[in-house]
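Trainee: Before we discuss this model, could you show me the sequence and the structure, so that I can follow each step with the atoms in view?

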Amino acid sequence: MKFLQITTMLSATIACALMAGLFAGFAYAVMPGLGRSSDRTLVEAMQNINKAILNPAFLVPFIGAIPLLALAVFLAWQGHGRPALPWLIAGLVLYLAAFAITAAFNVPLNDRLATATTDFAAARSAFEKTWVTWNIVRALVHTAAFICLLWSLVVYGSQRVDDGQPVALQAGHARSVVVSGG
């Protein structure tokens with residue numbers, strides 16, 4: 001079970017990191033670059049990006065992080081890594097919030113932009129500012145989830161030693177050996 005717990009926690013953390021990085025990259029590079037482009041270029045580029053991104057390299061970590069996080073929470077709840085549980089729950093809640101932001105704001109804007117074939121200025125005006133704002137929000141929320149998951153790994157790791165015993169028990173045992181041996 002310990003192997004499953006750490007594997008699940010690591011996989012969820014990596015998936016979350018990939019999403020945080022993707023959305024942050026859009027925030028600090030892609031959208032500012034497209035913002036310097038013509039209306040037609042921005043609209044066509046975003047239409048093509050939105051088609052291209054629907055692939056396993058995106059969908060597996062984006063959607064897969066949710067069951068991985070849920071499993072990590074469940075395993076921690078069952079006693080494998082219980083000290084990490086609050087951080088895992090926080091990571092799951094934040095990830096779900098970022099996922100909801102994407103579903104409620106970014107995807108509908110993408111869907112509306114997909115239908116633009118003329119009047120690129122109007123399509124851009126209805127899309128860009130709102131999409132960029134919500135992308136920054138979801139990038140920050142994904143980053144916060146990633147930080148929580150990283151910390152859960154630190155907490156989980158600090159509670160383990162090579163033989164799997166909690167560090168506190170090892171320290172107490174070592175202290176009693178030194179006292180009685182001296």
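The questions and answers below deal with a helix crossing and with salt bridges in this predicted model.

Trainee: At roughly what angle do the axes of helix α1 and helix α3 cross?

Mentor: Helix α1 spans residues 2-35 and helix α3 spans residues 56-77. Their axes come within 8 Å, and the crossing angle is roughly 140°.

Trainee: Is the crossing of α1 and α3 left-handed or right-handed?

Mentor: The handedness is a separate property from the angle, and for the crossing of α1 and α3 it is left-handed.

Trainee: By class, how many residues in the contact of α1 with α3 are nonpolar, polar and charged?

Mentor: On the α1 side the contact includes Leu4, Met9, Leu18, Leu22 and Phe23, together with Gln5, Thr8 and Ser11. On the α3 side, Phe58, Pro61, Phe62, Leu68 and Leu75 are among the residues that take part. Since Gln, Thr and Ser fall outside the nonpolar and charged lists, they count as polar. The tally by class is 18 nonpolar, three polar and no charged residues.

Trainee: How many salt bridges does the rule give for this model?

Mentor: One joins the side chains of Asp39 and Arg124, another those of Arg40 and Glu44, and a further one those of Arg124 and Glu128. By this rule the count comes to three.

Trainee: How many residues apart in sequence are the parts that Asp39 and Arg124 tie together?

Mentor: The side chains of Asp39 and Arg124 meet with an N to O distance of 3.0 Å. Asp39 lies in helix α2 (residues 39-52) whereas Arg124 lies in helix α5 (residues 120-158), so the pair ties together parts whose separation in sequence is 85 residues.

Trainee: Which residues are linked with Arg124 in a network of salt bridges?

Mentor: Arg124 meets Asp39 in one salt bridge and Glu128 in another, at 2.8 Å from N to O. Arg124 and Glu128 both lie in helix α5, four residues apart, which is about one turn of the helix. The residues linked with Arg124 in the network are therefore Asp39 and Glu128.

Trainee: Is Arg124 buried, partly exposed or exposed?

Mentor: Buried means a relative accessible area under 20%. The value for Asp39 is 30%, so Asp39 is partly exposed, whereas Arg124, at 10%, counts as buried.

Trainee: What is the burial class of Glu44, which meets Arg40 in a salt bridge?

Mentor: Arg40 and Glu44 both lie in helix α2, four residues apart. Arg40 has a relative accessible area of 48% and is partly exposed. Glu44, at 31% relative accessibility, also counts as partly exposed.

Methods. Residues numbered from 1 in each chain as written. Predicted model: local features only at pLDDT ≥ 70, side-chain atom pairs only at ≥ 80, totals over all residues. Heavy atoms only, no water. Axes fitted to C-alpha atoms, helices over the stretch in contact; angles between N-to-C directions. Helix = DSSP H or I, 4+ residues; strand = E, 2+ residues; numbered from the N terminus. Left-handed = near helix turned anticlockwise from the far one by under 90°. Contact = heavy atoms within 4.5 Å. Salt bridge = Lys/Arg side-chain N within 4 Å of Asp/Glu carboxyl O. Buried < 20%, exposed > 50% of the residue type's maximum accessible area, 1.4 Å probe, protein only.
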